[in-house]
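Please open the structure in your viewer and keep the selection panel at hand, since each stop below names what to pick next and then says what is there.

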Amino acid sequence: MLTVIRALADAAEQRDREPALQRARDAFRLLDQRERTIVTPLAQAIARANPADVWAAPLDALLGDDPLEALRALDGRLTDEQDTACTPVATALTDAAKARSSGALPEQLLHRFGHTSFRPGQREAVHAALHGRSTLLLFPTGSGKSLCYQLPAIAPGDGLTVVVSPLIALISDQHNRLTQLGVRSAMLASTLTADEAAAALRTLRTDAQIVFCAPERFANGAFRQALASRRIRLFVVDEAHCVSQWGHDFRPDYLRLRPVIEELGRPPVMAATATATPRVAEEIVARLGMAEPLIVRRGFDRPNLSFDTVQFAGEGAVARKRATLCNGLADAGNRPAIVYCGTRRDTEELTAELRSRGLDAVGYHAGMDADARAEAQRAFTAREADVMVATNAFGMGVDFPFGVRSVWHWALPASVEAYYQEAGRAGRDGLPARAVMLAMRGDLGRLVKFIQDAELRPEHVAATVARLRNAADGDVATIDPRAQRDRDRVALAVAERCGAVALQPAPGGRVAVSLAGSLDMARAARECQVARNRRWEAYHALKAFASDDDRCRRLRLLEHFGDPSAPAPSGRCCDVCDSLDWLQVAEHAPTRRARGRGGSGGGTGRALSAGPPVDEAAFERLKRWRSGRADGKPAYTVATNAVLEELLRRRPADRAQLQSIHGIGPTFVAKHGESVLAELNTIH
C-alpha cells in the first residue's frame with residue numbers, strides 16, 4: 001500500500017502527475033480486496049483534486065513512521081473528505097507495521113502472490129530478510145528460492161531489493177511476472193536497448209521495489225549512482241557459487257559484489273545456490289562479507305530424478321555406448337533430452353549420428369558462431385528439436401518452458417558439482433526424469449591428464465605475476481579471464497591469496513589486477529598444494545560416484561553436498577538401488593554388476609530386457625517369498641522386481657542356471673538359491 005501512497009504523493013505535488021497516477025494504478029493491482037477498498041476513496045479524491053497539492057500534508061503524514069499519530073496531529077487542518085479518506089489508510093498502515101513486528105507479515109505477503117502455504121525453508125528466509133538478517137540459502141533447483149526475496153521486496157516500507165544473477169533469461173521472466181502482478185520492478189541487462197535501459201534507470205531511481213541485474217552491470221557508473229540514491233532493503237546474490245574461485249562455475253564479475261555491498265551501506269545479503277559443497281558455502285560467506293548469516297538448508301535431493309550410470313570398457317566400447325544412447329533416446333518418453341559431450345568434435349559427430357537415426361537433434365558448443373548457437377537454443381526451447389547435444393556451454397540461464405525428461409552425459413564432467421548442475425536440468429517440472437551417465441575408463445584418464453596439465457607450482461605463480469608486471473600500466477594490469485588457461489586462472493587465485501595481487505572487475509568482463517605486493521614463495525607453495533589437493537579431491541569424488549556400484553548414487557550426492565537427509569526418491573532411485581531394466585544396453589555390453597539396493601548382485605549374464613509379461617499371481621507368490629527371506633529388512637535387499645520377473649520367465653532348474661540370470665550373483669545363490677528353486681517348483 002505504501003507504494004500506492006508514494007505515487008499519489010508525487011501526483012499531489014504535481015511531479016509528473018499522470019505518470020505518478022499510472023504508477024499508483026499499477027501498484028493498486030497488487031493489493032488485496034480489503035486494501036483496495038480502503039485506498040480507493042483516497043486515490044479517487046487525489047485524481048480529481050484541483051489543485052492537488054492540498055493533499056500534500058495528509059499524504060506526508062501517511063508516509064511517516066507513525067501514520068495514525070501524524071494524521072491526528074493534522075486534525076484541525078483536514079477537510080472532512082481528507083479525514084474520511086485518510087483515516088482508514090492510516091489505520092491499515094499502522095496495523096501492517098504491527099503485523100510486521102509480530103512476525104505475521106510473511107503469510108500476508110504470501111497470500112498476495114496467490115499461495116496458501118510456504119514450502120520448507122521459505123518462511124525462515126523471508127522472516128530473516130524482513131528483520132534485516134543476512135541469509136545463505138542452500139536450496140535445490142526448483143524449490144522456490146525466488147519467492148524468498150520477492151516477498152520481502154513487496155513488504156510495507158521504503159527500500160529496494162537488488163537481485164544479482166548471471167541468468168538473464170530467468171531474471172527477465174521474473175521481472176515480467178512481477179510487473180504483471182503490479183510490482184514496481186526494473187531490470188538492467190545487456191539485452192535491453194538504450195531507451196529501455198534509460199527507462200529502467202528512471203524506475204530504479206524513483207519507486208522500484210525490486211531491480212534485477214547481471215553482475216557486470218555494476219561496472220556501470222550510472223547504475224551504481226542510481227542504487228546509491230535509494231535505501232537498499234536486501235541485496236540478493238543468486239547462483240552464489242559463482243563467487244568462489246574454487247567452485248565449478250567461477251565468474252570474475254562476482255568479485256565486484258562485496259565492494260558494491262560496502263558502498264551501499266552494508267544491507268542484509270541473501271546468497272542462494274543449489275550446487276555448493278560445504279567448503280564452497282564457507283567461501284561464499286567470506287567473499288560476500290556476510291556476518292553471522294542464517295543458513296537455511298532445504299536439502300539437495302531431487303526426488304523425481306533417477307541417477308543411472310552405465311559402464312563401458314574393452315573392444316568396441318564406444319560403439320556400444322553410442323548404440324545404448326540411441327536406444328535410450330529412441331524412446332519418446334525420454335525426450336526432450338540433453339546430451340552433454342566433453343568435446344566439440346563429439347558434439348558434432350553425435351548430432352549427426354542421432355539425426356541419421358531420425359531424431360530431431362541440434363548441436364551447441366562454444367566454437368559455433370553466436371547466431372548458430374542462438375538458433376539451436378531457440379529450436380530446442382520451441383520444441384522444434386527434442387534432443388540438444390552440447391558441451392557444458394549450454395544450459396546456464398536457459399528457461400526451459402517444458403520438462404526435460406532426460407539428461408545424458410556422454411563424457412564424464414570435471415566434478416560432481418558440474419554433473420549435478422547439468423543433470424538437474426532434467427525434471428524441473430517435478431515429473432519423473434532421468435540422469436544417465438555413460439562412463440568409460442578412458443574418461444577418467446582424460447580427467448587425470450587435465451589435472452596433470454594444470455599442475456601448479458610456485459614458479460608458475462611467480463611467472464604469472466612477472467608477466468602481469470611486464471604488461472602493467474603502472475601497478476595495474478588488465479586481463480580477460482575468458483582467454484585464460486585453467487592453470488593461469490588458478491595461479492592468479494593463488495597470487496591473490498598470497499597478497500601479491502588484488503583483483504577488481506573491469507569493464508567488458510575483464511579483471512583489473514593490482515600488483516600491490518611481493519610473492520611469498522613459501523606461502524605460494526602451500527596454496528599450490530591446496531589447489532592440487534582440491535583438484536584431486538574433485539577427481540576422486542567423481543570417480544567414486546561414477547565407478548563404484550556398491551552404494552546408492554543418490555546418497556553419494558547428498559553426502560557430497562553435506563546434506564544429512566536420507567535418500568527419498570519418489571520413483572526409481574539409481575542403478576545401484578534398482579535394476580536398469582528401462583534401458584536397452586547394446587548387445588555384449590561390458591561386464592558390470594546390476595545390483596538391487598545394497599544388493600547381492602554378481603553375475604555376468606545378458607542385460608535384463610522387458611521381456612514378455614509374467615503371470616501376476618506367480619509374481620505375487622515370488623514377492624511373498626522375497627518378503628519372507630528379507631528377515632525384516634527391505635525386500636529389495638533380496639532381489640529387485642525385475643529379477644523376480646526374469647526368474648519366472650527363465651525358470652532355472654539348478655544353481656548354475658540361476659547364477660546365469662543377470663542380477664543374481666554368488667552371494668544370492670549361496671543365501672537364497674535352494675529356497676528360490678524350491679519355490680519356483682511349486683509355481684505352475
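Begin by selecting R497, which in this predicted model has a relative accessible area of 18% and therefore counts as buried, the cut-off being under 20%. Widen the selection to residues 486-497 to show helix α21, in which R497 is found, and then add E283, whose side chain is joined to that of R497 by a polar contact of 2.9 Å.

Next, display the strands β3-β4-β2-β5-β6-β1-β7, which in that order make up an open sheet of 7 strands with parallel pairing. At its edges lie β3 (185-188) and β7 (294-297), each of which pairs on one side only; on average, and ignoring direction, neighbouring strands of this sheet are turned by 15 degrees against each other.

Stay with β3 and select residues 210-213 as well, which form β4: the two strands run parallel and are joined by 4 bridges, and within this pair M187 stands opposite F212 in β4. Adding residues 168-180 brings in helix α10, which packs on the sheet where it touches β3 and β4, its direction making about 155 degrees with that of β3.

Which residues touch the most other members of the largest nonpolar core? Select V162, F218, L227, F235 and L288, which do so among the 81 residues of that core. Centre the view on L227 and, leaving aside residues up to four places away in sequence, look for its contacts with L160, V162, L204, V211, F218, I232 and L264. Finally, move to a second, separate core of 34 residues, where M1, L2, L42 and L78 are among the members to select.

Key. Residues are numbered from 1 along each chain as its sequence is written. This is a predicted model: local features need pLDDT of at least 70, side-chain atom pairs count only at pLDDT 80 or more; totals for chains, interfaces and linings use all residues. Side-chain values use heavy atoms; hydrogens and water are left out. Two strands pair if DSSP finds at least two bridges between them. Axes are lines fitted to C-alpha atoms, for helices over the stretch in contact, and angles run from 0 to 180 degrees between N-to-C directions. Contact means heavy atoms within 4.5 Å. Buried means under 20% relative accessible area, exposed over 50%, partly exposed in between (1.4 Å probe, protein chains only). A polar contact is a pair of N or O atoms within 3.5 Å; within protein, one must be able to donate a hydrogen and the other to accept it, and residues adjacent in sequence count only if both atoms are side-chain atoms. A nonpolar core is a set of buried Ala, Val, Leu, Ile, Met, Phe, Trp, Tyr and Cys residues joined through side-chain atoms within 4.5 Å.
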